[in-house]
Amino acid sequence: MPRPRTAKTKPRDPVVTIENLVKVYPGPGNAPDIRAIDGIDLSVERGEIFGLLGPNGAGKTTTVGVCTTRVLGTSGHVEIDGLDVRKDPARVKLGIGVVTQFNTLDRLCTAWENIYFHCRYFEMSHREAKSRADELLQQFRLSERKKSFPDELSGGMAQRLQVARSIAHRPSVLFLDEPTAGLDPQSRIALWEIVTDMRSHGITVLLTTHYMEEADQLCERVAIIDHGKILVCDTPANLKKRLGAETVIDLHLDRPPDGLTSRIKRLAGVVKVDPSADGLRVLTKGGGVVLPKLVNAATRYGLRDVSVAEPTLETVFISLTGRELRE
Amino acid sequence: MSSTTVALQERSRTSVYVHAFAGMLLRDARVIVREIFPFLTRTIMNPFLFTFVFTYVFPKIGQGFNIPKPAAGPAISFATILVPGLVAVAMVFQGISAVALPLVNEFGRTREIEDRVMAPVPVAFVGMEKIVFGAIQAVLAALIVFPFVIIIPSTPVSIHVSNWPLLVGMILLASLVSGALGLVIGTTFKPQQIPLIFSIIVIPTTFLGCVYYPWARLAPVKWLQVLVLVNPLVYMSEGLRMALTPELPHMSAWAFLLALFGALALLSYFGLRSFVRRVVA
């Protein structure tokens, strides 16, 4: 298990290197250009599971698109395993696996054939491809559905098959773009296990997600991205530690909290106060002493409910952007 | 530098490309074998019915076309005129249904082309494979159609191949042009526009492709004779006419060969460019 490290520590063996990446799309009609990626620097170390966490439209998919040769960056430099993605995309593709947000399984081929032909595209002989397809279907618990066509598989099975196919040629880096979007909770957990297992196969994983639990559970390091910029990059534990708070207290109020915010800010143990959808979110430290004082202060603002939780990556995101991840 | 990097950089580019290309052909072949019935149906139905109605039923019921008798030699039946034309149509139609229609869906709906795009080759190779596989199917279509257009007619069909290399070369060239045309169409249209492909491309191309009449016979309608020259099917029909029914009027070899090579170059260029643009943002 790699040690957690801060973003400032230079990774020793970077397998994905992104330097000052910019991607500008022309705006539709007379609309201004869209800066989907606005100067990103990132390094992903060999063997780690790295997460790009951000809301929809933050630039996650475009970043993965550039790394996987399907999007041409406007400026900047991206290397995968020492190879420039712009100069040598064909060779870069030899060493990467990709699962996009869409189900890209070959609809006219069976589950088994999807893996078999993928292997054939990657220089494997008939015999190698055949045994690799059998092996992966078994590993991903899909052997019984080997003759099924993609349209006959459930969402979870199709996603497992896509991951199985993407690692069939033994890539050194696997890119997963929103791998669990649209999956039921059970399939999501099954996929998390698969991703965690990648580490034992020595595969570096770069995944994008807008689920903070996913980034928290799976990733050794997380970069939070918004409006095409990386806001912070660190281990989930360090990111939460940066908040300087131990507890997040949500006060759900019936009346607008005018004046309450400044009162609460003066209380000992309060680190930060942010407005939330129906009240205030208060970051605190120093144990439970502050809670009764908060309740007391909020009562006359129509306090309806209080929830207490540990800080999450969502809290980190909100404290950085003032918005929720799912907005 | 890691061992993986060295391994990646040491692998022979040619070998990687050839394997990926062959793998994609293999995949397409597997799909066609599984879908052999739709393949045969779409290949056979048009030439079969056309030949059946115009060269079997019409002569039997005493209705038909008056083909001017040539100054020298025996009379030429409509059935004979049709042979090269229907073979050419079958090839173009195959290029469109084998390449264009699946591509329109793969790009527009399912995005399943992504897996082949991620194969370790330049993206244009994936488009080239589409042209080559479309061409293979077009050759098969030509071979399947031949017996039909020769056996079914109730009037005599006179075919003699005096120049085999010309026939083989024409079929290969025409099949590649069909595949490239399929790629251009497949990368241009959206799934909801599929019916348009038939009404604005397939039908005009077929009716104005010198399939049912030699190009020279259009002389009385001069503007049309000039206009149809933009249609690659004209040169396929004329080329096959020279190869199969040389006694009928046909363009000279340099004209249709030049036009077909030109069409192949242009359609391939635009088809591949459009393919790459659809894939790489």
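Which strands of chain A does helix α11 (residues 313-321) of chain A lie across? Helix α11(A) lies across β3, β9 and β10 of chain A, and runs at about 35 degrees to β9(A). This is a predicted model, in which local features need pLDDT of at least 70 and side-chain atom pairs count only at pLDDT 80 or more, while totals for chains, interfaces and linings use all residues. Residues are numbered from 1 along each chain as its sequence is written, chains are lettered from A and ligands numbered from 1 in the order in which they are written, and side-chain values use heavy atoms, with hydrogens and water left out.

**Terms**

- Helices (H or I, at least four residues) and strands (E, at least two) are DSSP runs, numbered from the N terminus.
- Axes are lines fitted to C-alpha atoms, for helices over the stretch in contact, and angles run from 0 to 180 degrees between N-to-C directions.

**Domains of chain A**

- The domain assignment, which is automatic or taken from a database, gives chain A a domain 1 (14-238) and a domain 2 (244-310).
- Between the C-alpha centres of domain 1 and domain 2 of chain A there are 40 Å.

**The six-stranded sheet of chain A**

- An open sheet of six strands in chain A follows the order β6-β7-β8-β3-β9-β10 with mixed pairing, where two strands pair if DSSP finds at least two bridges between them.
- At the edges of this sheet are β6 (96-99) and β10 (229-234) of chain A, each of which pairs on one side only.
- Neighbouring strands of the sheet are turned against each other by 15 degrees on average, direction ignored.
- Strand β3 (residues 49-53) of chain A runs parallel to strand β8 (residues 204-209) of chain A and is joined to it by five bridges, and Leu52(A) stands opposite Thr208(A) in β8(A).
- Helix α1 (residues 60-67) of chain A lies across β3, β6, β7 (173-177), β8 and β9 (221-226) of chain A, and its direction is at about 150 degrees to β8(A).

**The four-stranded sheet of chain A**

- Another open sheet of chain A has four strands in the order β12-β13-β11-β14, with antiparallel pairing.
- Its edges are β12 (270-276) and β14 (303-309) of chain A, and each has a single partner strand, so one side of each is left without a neighbour in the sheet.
- From one strand to the next, the twist of this sheet averages 20 degrees.
- Six bridges connect strand β11 (residues 247-253) of chain A with the antiparallel strand β13 (residues 279-284) of chain A, and Thr247(A) has Thr284(A) as its bridge partner in β13(A).
- Helix α11(A) also packs on this sheet, where it touches β11, β12 and β13 of chain A and makes about 80 degrees with the direction of β12(A); contact here means heavy atoms within 4.5 Å.

**Where chain A meets chain B**

- Helix α3 (residues 111-121) of chain A packs against helix α2 (residues 13-34) of chain B at an angle of about 150 degrees, and their axes are 7 Å apart.
- That angle makes α3(A) roughly antiparallel to α2(B), since angles under 35 degrees count as roughly parallel, over 145 as roughly antiparallel, 65 to 115 as roughly perpendicular and the rest as oblique.
- Among the residues in this contact are Tyr116(A) and Phe117(A) of α3(A), together with Arg27(B) and Arg30(B) of α2(B).
- The contact of α3(A) with α2(B) involves six nonpolar, two polar and five charged residues, where Ala, Val, Leu, Ile, Met, Phe, Trp, Tyr, Cys and Pro count as nonpolar, Asp, Glu, Lys and Arg as charged, and the others, Gly among them, as polar.

**Helix packing within chain B**

- The axes of helix α4 (residues 78-110) of chain B and helix α7 (residues 164-188) of chain B come within 7 Å and cross at roughly 30 degrees, and α4(B) and α7(B) are therefore roughly parallel to each other.
- The residues where α4(B) meets α7(B) comprise 13 nonpolar, seven polar and no charged.
- Helix α3 (residues 36-60) of chain B and helix α6 (residues 123-151) of chain B have axes that come within 10 Å and cross at roughly 35 degrees.
- The contact of α3(B) with α6(B) consists of 11 nonpolar, three polar and one charged residue.
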